[in-house]
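Dear colleague,

I am passing on the structure we spoke about, with the sequence alongside it. Please have it open while you read the notes underneath.

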Amino acid sequence: MMQKQRLRLLALVMMVALLPCLPAGATDVSYTPDPSLWPKIDGSTATIPLTEAIVRYTTGCTMEQAVDVVKHNTTPTAYNRLIKGDVDLIFVTSPSSEELAQAKDAGIELVIIPVVKDALVFLNNIENPIEGLTQKQLRAIYQGETESWADVGGEKEPIMAFQRPVGSGSQTLFLQLLMGEQEPMEAPTEWIYGFMNSLVDAVVNYDNAKQSLGYSVYYYIHAMYGNERMRMLAVDGVAPTHDTIAAGEYPFTSYYYAVLRSDTPKDAPVYALVNWLLTEEGQRLTEAAGYVPMAPLAKDTAYHKITAQQAHTMMVEGQPYILLDVRTKAEFDTQHIDGALLIPDDEIVARAAESLPDKDALILIYCRSGRRSALAGKALADMGYTRVYDFGGIIDWPYETVGDAP
């Protein structure tokens, strides 16, 4: 993007706080725009990283500064604030019937624009041998017709089918995508969880190990929560992945939307932000943040060249990643970055399938000077890995390492 455009976006997305982030390396602010002119943004828990990515990309904020700036409420609260006019834009799942009725009662029409893909995913505990269910089986479970895992090929354990409250983003998707015109059973109060993390915690809880079943959204599970005791179930034989969601093969594919009020002027800054987010550059940003873009991007976008500083920022953001060292074992033993997985560059093709089974994982790759990491990174991209970030050589790594520099 041209610098002039970037500066324009800077003016568009400084929001939800009384002070803007400082550009990277800045020590002073000589001009503070009128906060009343900034678009105010709210949204769901799962779109917090999306707003943070926009802020960081357009302002040069550190991750810590972006976290201080971006404040999302839950999906129902975000819709309520938009309808009341307290915010200009929300990043959320599709509105529930209750939220549409609330908007209608207030005389407000909503403009709903899809900006990234996502999916409704169903979860169980890894101690449960069931790895997939059909749509028919899921509906029968949530209508109360199927009460035992034995009825779907599992062990003789009762099914604890957790739900979210009506109006929450994942509950709206659950009702729209799975249940349709059918009503789910009335779940016991203790099986209904007000927050996404609470429901997922219940699924992975040791006490519920072989009985629990729940649901959430793909991005939250894949990029934000992450727990080795949890499994995303295949549905009708299709597992939820970046590729199956992008291609529409996974049956419960959905979207995150940018939602505005219809009375927002078309020349308002918030429209410029949404339009930019749908450009190739904006979609690349969403993919780098772990979301599934609206349409497949060019294959070479799977491989990215970044700086050591950018890699370090990604490592401390909290998103799961694989740190890959492609030097020799002797070099690795002498000095390496803590937590790195060693696969020498000349073994990448032979070992990738076994050592790197998730082709949608975020992979941060380095070598000594940057030559081997580039070769290995491009090889991984050619093999179908979708998020490969090459930050060059350890000789340019300014942070702590294990061992002594040669």
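The notes below go from the whole chain to one strand and then to the aromatic residues.

Please keep in mind throughout that this is a predicted model. The protein chain has 406 residues, of which 50% count as buried, and its secondary structure comes to 16 helices and 16 strands. Among the contacts in the protein chain with a separation of 6 or more, 73% are made by residues 24 or more positions apart. The chain exposes about 18500 Å², and 52% of that area is supplied by carbon and sulfur atoms.

The strand I would look at is S6, residues 212-217, which is largely enclosed by the rest of the structure because six of its six residues are buried. In a regular strand, side chains alternate between the two faces of the sheet. In S6, Ser212, Gly214 and Ser216 point one way while Leu213, Tyr215 and Val217 point the other way, and all of them are buried. Two pairings of this strand can be described: with strand S3 (residues 110-125), S6 pairs in the antiparallel sense over five bridges, and Leu123 stands opposite Gly214 there. With strand S5 (residues 160-161), S6 pairs in the parallel sense over two bridges, and in this case Ala161 stands opposite Leu213.

Tyr215 also leads to the aromatic residues, since it belongs to one aromatic cluster together with Phe122, Tyr142, Phe174, Tyr250 and Phe252. The structure holds 15 aromatic pairs. Why is the pair of Tyr219 and Tyr291 described as stacked? The ring centres of Tyr219 and Tyr291 are 3.7 Å apart and the planes stand at 5 degrees, which is under the 30 degrees that counts as stacked, so the pair falls in that class. This pair links distant parts of the chain, with Tyr219 in helix H9 (residues 218-225) and Tyr291 in the loop between helix H12 (280-288) and strand S10 (303-305), 72 residues apart. Both Tyr219 and Tyr291 are buried.

One further ring has a charge as its partner: the charged end of Lys359 sits over the ring of Tyr385, 5.6 Å from the centre of that ring.

With best wishes

Note on methods: Residues are numbered from 1 along each chain as its sequence is written. This is a predicted model: local features need pLDDT of at least 70, side-chain atom pairs count only at pLDDT 80 or more; totals for chains, interfaces and linings use all residues. Side-chain values use heavy atoms; hydrogens and water are left out. Helices (H or I, at least four residues) and strands (E, at least two) are DSSP runs, numbered from the N terminus. Buried means under 20% relative accessible area, exposed over 50%, partly exposed in between (1.4 Å probe, protein chains only). Contact means heavy atoms within 4.5 Å. Accessible areas come from the Shrake-Rupley method with a 1.4 Å probe; for residues, only the protein chains shown count as cover. Rings of Phe, Tyr and Trp (its six-membered ring) pair if their centres lie within 6.5 Å; planes under 30 degrees apart count as stacked, over 60 as edge-to-face and the rest as tilted. A charge sits over a ring if NZ of Lys or CZ of Arg is within 6 Å of the ring centre and within 35 degrees of the ring normal. Two strands pair if DSSP finds at least two bridges between them.
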